[in-house]
Amino acid sequence: FSLANFQTLLTAEVYRTVALRSLGIAIAVTVIDLLFALPIAFFAAKVVRSHRIRYAIVIASTMPLWAGYLVKGYAWRIMLDNNGVLDWLLQPLGIKGPGLGLPATILALAYLWLPYMILPIYGGLERLPNSLLEASSDLGAPAGTTFKSIVLPMLYPAIIAGSIFTFSLSLGDYIVVKIVGGTTQLVANVIADNVGVAGNLPFAAAMALMPIATILAYLFLVRRTGALENF
């Protein structure tokens with residue numbers, strides 16, 4: 001029994017950088033998905049009156065789940081790679097695409113996990129009584145005030161539920177990073193490389209405690225707020 005692997009993780013700057021980068025990407029993906037999911041889910045649940053159109057929007061929002069994981073990963077690589085589809089589209093504007101790397105990883109992961117944020121928020125909005133929105137409008141509250149003071153507080157449990165999915169899935173992903181991340185390394189890549197290539201299972205196990213501890217800490221904080229019980 002030895003704590004040498006944990007000492008290496010805590011003292012080596014490269015692993016601290018990888019851990020912080022992984023955490024930052026997971027947070028960025030969660031925030032991006034939330035910014036896209038809120039208007040999409042609100043439009044489908046509260047603006048559209050036709051049930052057919054509403055269900056069509058919900059089904060369309062789950063379309064990223066229909067294709068294979070690797071197919072979507074390599075599709076993003078084709079779009080974002082140098083001289084790829086995105087570069088071709090932006091060429092008339094004199095703008096060059098992000099290429100492979102950290103931005104490409106965030107974009108690809110945000111696309112992959114967006115349905116996991118839309119569906120809980122849509123479910124939360126479905127349970128939100130329209131009478132509350134109508135009462136707020138009758139009292140003269142602007143749309144922004146209604147959304148901030150009424151919709152968001154009642155959507156808090158749904159947002160937390162969606163963030164658990166997007167945050168944990170992003171923190172544990174390593175295949176998309178291999179495909180579109182270029183030289184970018186995340187915690188999951190380090191674990192996978194030490195399991196497969198290096199064959200250093202003790203170090204991989206020590207590294208795996210980082211995402212596990214992070215997710216458990218997040219779940220503990222969320223549980224303290226009571227969001228899970230209210231969802």
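## The big picture

Of the 231 residues in this protein chain, 39% count as buried. What you are looking at is a predicted model. Its secondary structure comes to 12 helices and 0 strands, so reading from the N terminus on you meet α-α-α-α-α-α-α-α-α-α-α-α, with helices and strands taken as DSSP runs.

Along its principal axes, the C-alpha trace spans about 65 × 50 × 30 Å. Take the contacts with a separation of 6 or more: residues 24 or more positions apart account for 72% of them. On the outside, the chain exposes about 13,000 Å², and carbon and sulfur atoms supply 69% of that area.

## Two salt bridges

How many salt bridges does the structure hold? There are 2. In one of them, the side chains of Arg54 and Glu126 meet, at 3.5 Å from N to O. This pair links distant parts of the chain, with Arg54 in helix α3 (residues 51-61) and Glu126 in helix α6 (residues 102-126), 72 residues apart. Arg54 is buried, with a relative accessible area of 10%, while Glu126 is partly exposed at 38%.

Lys178 and Asp193 also meet through their side chains in a salt bridge, at 3.3 Å from N to O. Lys178 sits in helix α9 (residues 175-180) and Asp193 in helix α10 (residues 187-196), so this pair ties together parts that are 15 residues apart in sequence. Lys178 is partly exposed, with a relative accessible area of 44%. Asp193 counts as partly exposed too, at 23% relative accessibility.

## One side of helix α3

Arg54 has buried company in its helix: the buried residues of α3 are Arg54, Ile57, Val58 and Ser61. These residues cover an arc of only 95 degrees around the axis, which puts them on the same side of α3. What do the buried residues of α3 pack against? Their partners are α2 and α6.

## A buried charge in helix α2

Now have a look at Asp33, which is found in helix α2 (residues 13-47). Asp33 is buried, yet it has no salt bridge. The nearest side chain of opposite charge belongs to Lys72, and that is 12 Å away. Why does this not count as a salt bridge? The cut-off between a side-chain nitrogen and a carboxyl oxygen is 4 Å, so a pair has to be within that distance to qualify.

Which residues does Asp33 touch, leaving aside its neighbours within four places in sequence? Asp33 is in contact with Ala110, Trp113, Leu114, Met117 and Thr166.

## Trp76 and its contacts

Trp76 lies in helix α4 (residues 69-80). Is Trp76 buried or exposed? At 16% relative accessibility, Trp76 counts as buried, because the limit for that label is under 20%.

Setting aside neighbours within four places in sequence, Trp76 is in contact with Leu107, Ala108, Tyr111 and Val180. Take Ala108 from that list: Trp76 and Ala108 are 32 residues apart in sequence, but 6.4 Å apart in space, C-alpha to C-alpha.

## A nonpolar patch on the surface

Back on the outside, Phe1, Leu3, Phe6, Leu209, Ile212 and Leu216 make a nonpolar surface patch of about 690 Å². Helix α11 (residues 201-225) gives the most to this patch, with 3 residues. Ile212 is found in helix α11 and is partly exposed, with a relative accessible area of 44%.

Technical notes
Residues are numbered from 1 along each chain as its sequence is written. This is a predicted model: local features need pLDDT of at least 70, side-chain atom pairs count only at pLDDT 80 or more; totals for chains, interfaces and linings use all residues. Side-chain values use heavy atoms; hydrogens and water are left out. Helices (H or I, at least four residues) and strands (E, at least two) are DSSP runs, numbered from the N terminus. Buried means under 20% relative accessible area, exposed over 50%, partly exposed in between (1.4 Å probe, protein chains only). Lys and Arg count as positive and Asp and Glu as negative; His and the chain ends are not counted. Contact means heavy atoms within 4.5 Å. Patches are made of residues with over 30% relative accessible area and no salt bridge: like charges are joined within 9 Å, nonpolar side chains (Val, Leu, Ile, Met, Phe, Trp, Tyr) within 5 Å. Accessible areas come from the Shrake-Rupley method with a 1.4 Å probe; for residues, only the protein chains shown count as cover. The arc is that of the directions from the helix axis to the C-beta atoms.
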